[in-house]
Amino acid sequence: MRLFSFLPALLAPLAQALTWHGADFSSLVNLENSGTVYHDSASASGAKFETILHNHGANLARIRVWTSTSNSQYSLTYGLALAKRAAAAGLSIYVDLHYSDTWADPGHQAIPSSWPKDLAGLNTQIFTYTKNLVTSFAAQGTPISIIELGNEINDGMLWPVGRISVNGYSPLSQLLHSAANGVRAASSTTRTMIHLANGWDSSGVSSFYSQIFIAGQLAVGDVDIMGFSFYPFYGTGATLAALKTSLQAIVTKFGKDVIVAETDWPAVCSGVTLSEKSVAVSAAGQSTWVADIRTVVAGLSGGHGIGIVYWEPGWIGNAGLGSSCADSLLVDGSGNTRTSIGMFSSSM
């Protein structure tokens, strides 16, 4: 019997609901432009995906923004337009800045092609870019609630200048401080986040945070939220127990709020060893996985666990979502919602 999962499920009515029930649906407009349509029995015919998500309890839209100028590559213009739709549907706005012309993650953090290539120039650029971006979202009536200063920056960002494994922590610390200052210069209400992959890895998380705060550079007060990715596909160490240990340790040390900024669970998967073997590979299992994360996050001391974001629940055509599993979406291949769409109200 899987007690860790069974007991939270049994006590679900007593579980603390989190502040933020999020979905990253950044690909939505590109998908619609290719003909994708969504269907949900609990929503009006023709309802857009952001409305479907809100109808099922989502209250936060995570939107990635690249430094590309192409709308098909998540430009600022694309992000602003999607934010208008999300806000109109009743969702708050969470912007995920990649600070790159393309995907940024633990293995890729390229400096934008038009940006300076030296530390002094990058500090000025990242401050100005971030300040102007926050101002742009506010000016159109979609103020940013949460802004992520880089995506999965375990080995830094803006490589090679801000790469930890090349230049140590100081350049990255300076760049993050400049970015945070840009946010503060534009908004007194937008909360800043640092986002790391592998939130379950207590050693890695502790090592990063024990070195990133440097006098005269990044200060603890520059960071409002610590965000973490937590996926079951990439290693058997990514257990719920490990996540609980890691997140509680960092909350105890810094007293910051925590969000699981990216997660997924497969509805269809074979030939992949998942980190929690007794969670079903099914739509029901998707809800179980997220409910179990909610139990961990809600249980963090001081009420510092504040949210979960499901990554790209409707990306038809990329259903594996970067994993070797066949399908981790909350919709089927025809755009019909699965029962797991209810996770935003029932499991977060």
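Visitor: Which polar contact joins the side chains of Gln-217 and Ser-170, and how long is it?

Guide: The polar contact between those two side chains, Gln-217 and Ser-170, is 3.0 Å. Keep in mind that this is a predicted model.

Visitor: Where is Gln-217 found?

Guide: Look in the loop between helix 8 (202-211) and strand 6 (225-229).

Visitor: Is Gln-217 buried or exposed?

Guide: Here you check the relative accessible area against a cut-off: buried means under 20%. Gln-217 has 16%, so it counts as buried. Leaving out residues up to four places away in sequence, Gln-217 touches Ser-170, Ser-173, Gln-174, His-177 and Asp-222.

Visitor: Let's move to helix 7. How do I check its span?

Guide: Take 1.5 Å a residue and compare that with the distance between the end C-alpha atoms. Helix 7 covers residues 170-186, which is 17 residues, and should span 24 Å; its end C-alpha atoms are 25 Å apart, so the two agree.

Visitor: Which residues of helix 7 are buried, and what do they pack against?

Guide: Among the buried ones are Pro-171, Leu-172, Leu-175, Leu-176 and Val-183. The buried residues of helix 7 pack against helix 5 (119-139), strand 4 (144-149), helix 6 (164-167), strand 5 (191-196) and helix 8.

Visitor: Can you show me a residue in helix 5? What does Asn-123 touch?

Guide: Asn-123 lies in helix 5, and it touches Gln-174, Leu-175 and Ser-178, not counting residues up to four places away in sequence. Asn-123 is buried too, because its relative accessible area is 13%.

Visitor: What about helix 10: how many of its residues are buried?

Guide: In helix 10, 13 of the 16 residues are buried, so this helix is largely enclosed by the rest of the structure. Try the span check again: helix 10 runs over residues 283-298 and should span 22 Å, and its end C-alpha atoms are 23 Å apart, which agrees. At the start of helix 10, you can also find a side-chain oxygen of Ser-282 within 3.4 Å of the backbone nitrogen of Ala-284.

Visitor: Now for empty space. How much lies in the largest pocket?

Guide: The general idea is to roll a probe the size of a water molecule over the atoms, which shows where empty space is left. In this structure, the largest pocket holds about 360 Å³ of space. It is lined by 23 residues, and the closest to its centre are Glu-152, Tyr-231, Tyr-234, Glu-262 and Trp-311.

Visitor: How do the lining residues divide?

Guide: The lining of the largest pocket has eleven nonpolar, six polar and six charged residues.

Notes
Residues are numbered from 1 along each chain as its sequence is written. This is a predicted model: local features need pLDDT of at least 70, side-chain atom pairs count only at pLDDT 80 or more; totals for chains, interfaces and linings use all residues. Side-chain values use heavy atoms; hydrogens and water are left out. Helices (H or I, at least four residues) and strands (E, at least two) are DSSP runs, numbered from the N terminus. Buried means under 20% relative accessible area, exposed over 50%, partly exposed in between (1.4 Å probe, protein chains only). A polar contact is a pair of N or O atoms within 3.5 Å; within protein, one must be able to donate a hydrogen and the other to accept it, and residues adjacent in sequence count only if both atoms are side-chain atoms. Contact means heavy atoms within 4.5 Å. On a 1 Å grid over the protein atoms alone, a cavity is a set of points where a 1.4 Å probe fits but cannot get out, and a pocket is an open set with protein on both sides within 12 Å along at least five of seven lines; lining residues have an atom within 4 Å of a point. Grid points are joined across faces, edges and corners, and a volume is the space filled by probe spheres set on the points. Ala, Val, Leu, Ile, Met, Phe, Trp, Tyr, Cys and Pro count as nonpolar, Asp, Glu, Lys and Arg as charged, and the others, Gly among them, as polar. The expected span of a helix is 1.5 Å times one less than its number of residues.
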